[in-house]
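Student: I should like to learn how the features of a structural model are read. May we go through one together?

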Amino acid sequence: MDYLLWLIPAFPLVGFIVLALLGKHLSRFWIAIIGAGSVSLSAILTFVIGFSFLSSTPTGGHYSQTLWTWLEVAAFNPKITLYLDALSLVFVFVITFIGALIHIYSVAFMAADKDYARFFACMNLFVFSMLLLVLADNLLLLYLGWEGVGLCSYLLIGFWYENPTNGYAARKAFIITRLGDTAMAIGLFVIFYQFGTLVIPDILALAPSTWHEGATIATVAALLLLAGGIGKSAQLPLQTWLPDAMAGPSPVSALIHAATMVTAGVYLIARMHVIFQLSPIVQMIVAGIGAATLLIAGFSALTQYDIKRVLAYSTISQIGYMFLALGLGAWTAAIFHFMIHAFFKALLFLAAGAVIEALNHEHNMFKMGGLKNKLPVIFWTFLIGSASLAALPIISAGFYSKDQILWYAWASEHGSPILWLIALLGAFITAAYTTRMMVLTFWGDAKTSVGHYPGKLMTIPLIVLAFFSLFAGFIELPHNFGQFTLFSNLLHQVLPETVLKAGIHGELLFQLLALLVTFGGIYLAYIFWYKQPQRIEKLKRSAPLMSLYRFWFSGWGFDQVYQVLFVKPIVFIANINKNDVVDKLYQGITTATVHLYRLLSFTQSGSLRWYIIGLVIGAILILSIQLML
Amino acid sequence: MNAPISIEMVMLLAGILFILGIAGVIIRKNIIFMLLSVEIMLNAAGLAFVAAGSRWAQPDGQVMFIFILTMAAAEVSVGLALILRIYHQHKSLDIDKLKEMKG
Amino acid sequence: MKIHQLTYIAYCLKMDIFFYITAFVTLFSTIMVITRHNPVHALLYLVISLLSLSVIFFLLGAPFVALLEIIIYAGAIMVLFIFVIMLLNLGKETAAQEKAWLKPKIWIGPVILSTILLAELVYLITMAQPPSYTLQTVDSKAVAISLFGPYLIGVELAAMLLMAGVVGTAHIGQQKKTVLHRFLKEEEPS
């Protein structure tokens, strides 16, 4: 089946080209068919190829297909090679399957939009770029996909460009991720300088023999790659763009800013895990960043009133969990959480989009409420997604993935009680803000009337995603819970097993603790925002709590700090150099030329006689010189 | 082959004709006269070519004259058509009145 | 055949005398061309100038060129001039106008300039004092071989030039509605 591999990214690419070139001439029906159909075809093909991959693992554990040589300069000849192993298979599956569901949802969601074709063209281009990113055999091709998804993210955040704030959000996302991308590009230079190749399997094979553990160069390379991952995945210093990125349409948030693109950093680190393993310091940094991010974003999510911003902060927080797992060396746990998170977060965003559309573009949760009976399908699917996000024990998929990370935070050899406590606190906050969002949106009194009800095209993807949010967790069960390890067995073809500390017991105890914490969070939120809202009012009267609230609400003031630290100085310098000192020199040349031209233009009198006299005088001069010499 | 024509004399004649042509172009204000003077200049150049070709017993001089002739024919046809249009638009052939192409 | 016989006869005669006479005729008629007031007179003098020049070509041993000079220059091109002068109906008024234009004040400067140039040219030509050569006849066959051999590209370019001339003339000469130049529109509000 591997010869069909190229078709997976080819379908969305063809879809993009057709929609971009002919979009204006196609009817909405055909745009929908092409836009959603191309990704659906990819998804079906992924199922077929994935089935053949799983039923008989190919030699070497991967399919690879070289399409052509991209460029050739001396020893540097990156090829367009697609490479499918267990890790990329998981990502390709998530991208095409969830991508297809979101595209189908978008057919109905965007139906009234005037730029129907542009939306689907950008979405198809995004799916193509993302597939290129995860299927790339070398880092250069990966970088092409990396930049491609960044571009599509920019285009889709700013999709409704008539509103200047959306354009601002798009630029912010683009520029901040660019910081990480630049670092990553330098990282690629370092890797190429060291190994003379950018082919990922070669690098992974060469690295342990070239670098010893803890080598400075390994740390530098790992740090630079990490910076790229942080930018794309909205982790601690560069996380400020993601909440603003919610300016885009809800399917965009679901596909790009929840399920796929923001987890590109997770993919990159998992893909280059050998380099990270060679640098324990960087692995600690990864875990630290993940832990700090999940807390900070969790607290911010607790204070937001825009439903999409809650979800955005929760995405940052959940990716923080993945980074924590990566830093702990729990590679498969990170990828497992990525997959489960993709299901329930895409579901939550799509359901939130449906709610927002039903309430005539009302984003404020405090103006929602009472939707439980009015939008039953959305209520139930949203409830399932929330349960998964809050890691409701046993019945939700999120429990199995998050429990694994919690367990490894304690038990892995890089684990520590502090990281475990942070992760536990994160789980508590997650449960709290999820319940708060749920309660405010669906219970209580109706504050806004429902404008229109979602159709089948919108509800069916929600139901499918809800199904996976419930049951996808059962492919990987904890040790004391049947120890069913289908998923990690698959991934262990690519990723190493997590090393545990010696003599660790009592997984059940930790699971019970996590359970307790989750229910605690849910109960707290239930009390505060549903049962006794007067308590919140009481709390709001306390000045220090209110300032803390505002601090969290603004995302821990990162935007303001960056404003002072980076934006102001640059604007200041730009203002000083407004007239561009260097440019003066060139302007001088221009001015001199203009003046000379003015001078010479006097000779162009329009009188033919004078021209000929000029010729004659010239001839006389030349002949005179001839005579004199 | 008695008393041959000396080459300097022919060249002198060509030079004088050329200067006369230039003088004509400068002095006259009527475009038709200027065009006639240009023809004189072209003829002078052709004469120099033919004399030189004859001096070295090479056909190139005459070939050049034929090219000059071709050029003159094209130039005259276009020039005269332009004169016709100018006269229709300006009702005058005074070169000093046609000074619009100033820098 | 005839041409060669004529050339031979000319060679047998005192050629330099012939040359000086025709050169004088050429110069005189050319001076008359640039000083006439009436365009038709100037044109007739130019025809004389061209005919005498063709005699000089003949004497120089280039009979083919001499014939071309008569046929194309004196024949075709001058006829074009006559047509234009007829079309524009340039007559006595033009002559009077030219008379008014040709004042010493106008022509004295250019004539001095031209004289300087002429003096320099004459000096340069006579200064060299080359040994005297006999001018040789180059017959039309050699010209034709040269023209369609090494100069073939030149012939093709000349063909293109002629075609451009034809197309350009046809385009410019179209009798359209009189379009005034945008600068002139303000002056003549007609």
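Tutor: Let us begin with a single residue: leaving aside residues up to four places away in sequence, Ile95(A) touches Val127(A), Met130(A), Leu131(A), Val134(A) and Thr260(A). Two residues are in contact if their C-beta atoms, placed from the backbone, lie within 7 Å. The model is predicted, and local features need pLDDT of at least 70, side-chain atom pairs count only at pLDDT 80 or more, while totals for chains, interfaces and linings use all residues. Residues are numbered from 1 along each chain as its sequence is written, and chains are lettered from A and ligands numbered from 1 in the order in which they are written.

Student: Is Ile95(A) buried or exposed, and in which helix does Ile95(A) lie?

Tutor: A residue is buried if 20 or more other C-beta atoms lie within 10 Å of its own, exposed if 12 or fewer, and partly exposed in between, with C-beta atoms placed from the backbone. Ile95(A) counts as buried because it has 31 C-beta neighbours inside 10 Å. Ile95(A) belongs to helix 3 (residues 86-109) of chain A. Helices (H or I, at least four residues) and strands (E, at least two) are DSSP runs, numbered from the N terminus. From C-alpha to C-alpha, Ile95(A) and Ser42(A) are 9.6 Å apart in space, with their positions 53 residues apart in sequence.

Student: At what angle do helix 13 and helix 14 of chain A cross?

Tutor: Axes are lines fitted to C-alpha atoms, for helices over the stretch in contact, and angles run from 0 to 180 degrees between N-to-C directions. The axes of helix 13 (residues 280-303) and helix 14 (residues 307-327) of chain A cross at roughly 160 degrees and come within 7 Å. Helix 13 of chain A is therefore roughly antiparallel to helix 14 of chain A; angles under 35 degrees count as roughly parallel, over 145 as roughly antiparallel, 65 to 115 as roughly perpendicular and the rest as oblique. The crossing of helix 13 of chain A with helix 14 of chain A is left-handed. A crossing is left-handed if the near helix is turned anticlockwise from the far one by less than a right angle, and right-handed if clockwise. The contact between helix 13 and helix 14 of chain A has 15 nonpolar, nine polar and no charged residues. Ala, Val, Leu, Ile, Met, Phe, Trp, Tyr, Cys and Pro count as nonpolar, Asp, Glu, Lys and Arg as charged, and the others, Gly among them, as polar.

Student: Is the crossing of helix 10 and helix 15 of chain A left-handed or right-handed?

Tutor: Helix 10 of chain A passes helix 15 of chain A in a right-handed crossing. The axes of helix 10 (residues 250-259) and helix 15 (residues 331-358) of chain A come within 8 Å, at roughly 160 degrees, which means that helix 10 of chain A is roughly antiparallel to helix 15 of chain A. The residues of this contact divide into ten nonpolar, three polar and one charged.

Student: Which residues of helix 26 of chain A meet helix 1 of chain B?

Tutor: Arg609(A), Ile612(A), Ile613(A) and Val616(A) meet Ile22(B), Val25(B) and Ile26(B). By class, this contact has six nonpolar, no polar and one charged residues. The axes of helix 26 (residues 608-628) of chain A and helix 1 (residues 7-27) of chain B come within 9 Å and cross at roughly 150 degrees. These two helices are therefore roughly antiparallel to each other, and their crossing is left-handed.

Student: How many residues does the contact take from chain C and from chain B?

Tutor: The contact takes 71 residues from chain C and 66 residues from chain B. On the chain C side, helix 6 of chain C gives the largest share, eleven residues. That side of chain C divides into 52 nonpolar, 16 polar and three charged residues. Chain A and chain C also touch, through eight residues of each.

Student: Which residues of helix 6 of chain C are buried?

Tutor: Pro110(C), Leu113(C), Ser114(C), Leu117(C) and Leu121(C) are buried. The buried residues of helix 6 of chain C pack against helix 26 of chain A together with helix 1 of chain B.

Student: What is the secondary structure of chain B and of chain C?

Tutor: Chain B has three helices and zero strands, and chain C has nine helices and zero strands. Of the 103 residues of chain B, 55% count as buried; in chain C, buried residues make up 27% of the 190 residues.
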